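Dear colleague,

I am handing over the structure we spoke about, and it is placed directly below. My notes on what was found in it follow, with the helices taken up before the side chains.

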Amino acid sequence: MSKLNLDAAMTQLRGEALGHLGAIDLLLNKPMAISEHTRFVEEIKSHAKSLGEAEEALAVLQRYFGKVAEEESPEDA
């Protein structure tokens, strides 16, 4: 298994999670910054679900492949 591919997938998932977290924070703390959104509750729920999916996928990769990636040497990648 390529450690680089695993790292890339995990980094993308962290980025997705942070994006959704930021969107929720914006909707909760500065809703006027997003004037075109009038369905705040639905938007928050949608971002929360997507945040959960990204975090769950990241946890699965860490659980099953995190230890392998830590043990793999750079020349194995």
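To begin with helix α1, its 27 residues should span 39 Å at 1.5 Å a residue, and its end C-alpha atoms are 38 Å apart, which agrees with that expectation. Please keep in mind throughout that this is a predicted model, and that the values given here are computed from it.

The chain as a whole

The chain holds two helices and zero strands. Helix α1 covers residues 3–29, and helix α2 covers residues 40–71. Of the 77 residues of the chain, 22% count as buried, while the accessible surface comes to about 5,700 Å², with 56% of that surface belonging to carbon and sulfur atoms. If one takes the contacts in the chain with a separation of 6 or more, residues 24 or more positions apart account for 72% of them.

The nonpolar core

In soluble globular proteins, nonpolar side chains tend to be buried together. Here the largest nonpolar core has nine residues in all, namely L6, M10, L13, A17, I24, L51, A54, L58 and L61. The elements that give two or more residues to this core are α1 and α2, and α1 gives the most, with five residues. The buried residues of α1 are L6, M10, L13, A17, H20, A23, I24 and L27.

Which residues does L61 touch, once those up to four places away in sequence are not counted? L61, whose place is in helix α2, touches L6, A9, M10, L13 and G66 on that count. The C-alpha atoms of L61 and D7 are 9.9 Å apart in space, although the two residues are 54 residues apart in sequence.

I24 and H47

Another member of the core, I24, lies in helix α1, and it is buried because its relative accessible area is 12%, which falls under the 20% limit for that class. Leaving aside neighbours within four places in sequence, I24 is in contact with I44, H47, A48 and L51. I24 and E43 are 19 residues apart along the chain, and their C-alpha atoms are separated by 8.0 Å.

Is H47 buried or exposed? H47 lies in helix α2, and at 19% relative accessibility H47 counts as buried, since the limit for that class is under 20%. With its neighbours within four places in sequence left aside, H47 is in contact with H20, A23, I24 and L27, and these four residues are listed among the buried residues of α1.

The salt bridge

Side chains of opposite charge can pair when their charged atoms come close. A search of the whole structure finds one salt bridge, in which the side chains of D7 and K3 meet at 2.7 Å, N to O. Both D7 and K3 lie in helix α1, where they are four residues apart, about one turn of the helix. D7 counts as partly exposed at 28% relative accessibility, and K3 likewise counts as partly exposed, at 29%; partly exposed is the class between the 20% and 50% limits. D7 can also be placed against G66, from which it is 59 residues apart in sequence and 9.4 Å apart in space, C-alpha to C-alpha.

The nonpolar surface patch

Lastly, V60, Y64 and F65 make a nonpolar surface patch of about 280 Å². Y64 lies in helix α2, and at 54% relative accessibility Y64 counts as exposed, because the limit for that class is over 50%.

To put the main points together, the nine-residue core draws on both α1 and α2, the one salt bridge found in the structure joins the side chains of D7 and K3, and the nonpolar patch is made by V60, Y64 and F65.

With best regards

Definitions and conventions:
Residues are numbered from 1 along each chain as its sequence is written. This is a predicted model: local features need pLDDT of at least 70, side-chain atom pairs count only at pLDDT 80 or more; totals for chains, interfaces and linings use all residues. Side-chain values use heavy atoms; hydrogens and water are left out. Patches are made of residues with over 30% relative accessible area and no salt bridge: like charges are joined within 9 Å, nonpolar side chains (Val, Leu, Ile, Met, Phe, Trp, Tyr) within 5 Å. Accessible areas come from the Shrake-Rupley method with a 1.4 Å probe; for residues, only the protein chains shown count as cover. A salt bridge is a side-chain nitrogen of Lys or Arg within 4 Å of a carboxyl oxygen of Asp or Glu. Buried means under 20% relative accessible area, exposed over 50%, partly exposed in between (1.4 Å probe, protein chains only). A nonpolar core is a set of buried Ala, Val, Leu, Ile, Met, Phe, Trp, Tyr and Cys residues joined through side-chain atoms within 4.5 Å. Contact means heavy atoms within 4.5 Å. The expected span of a helix is 1.5 Å times one less than its number of residues.
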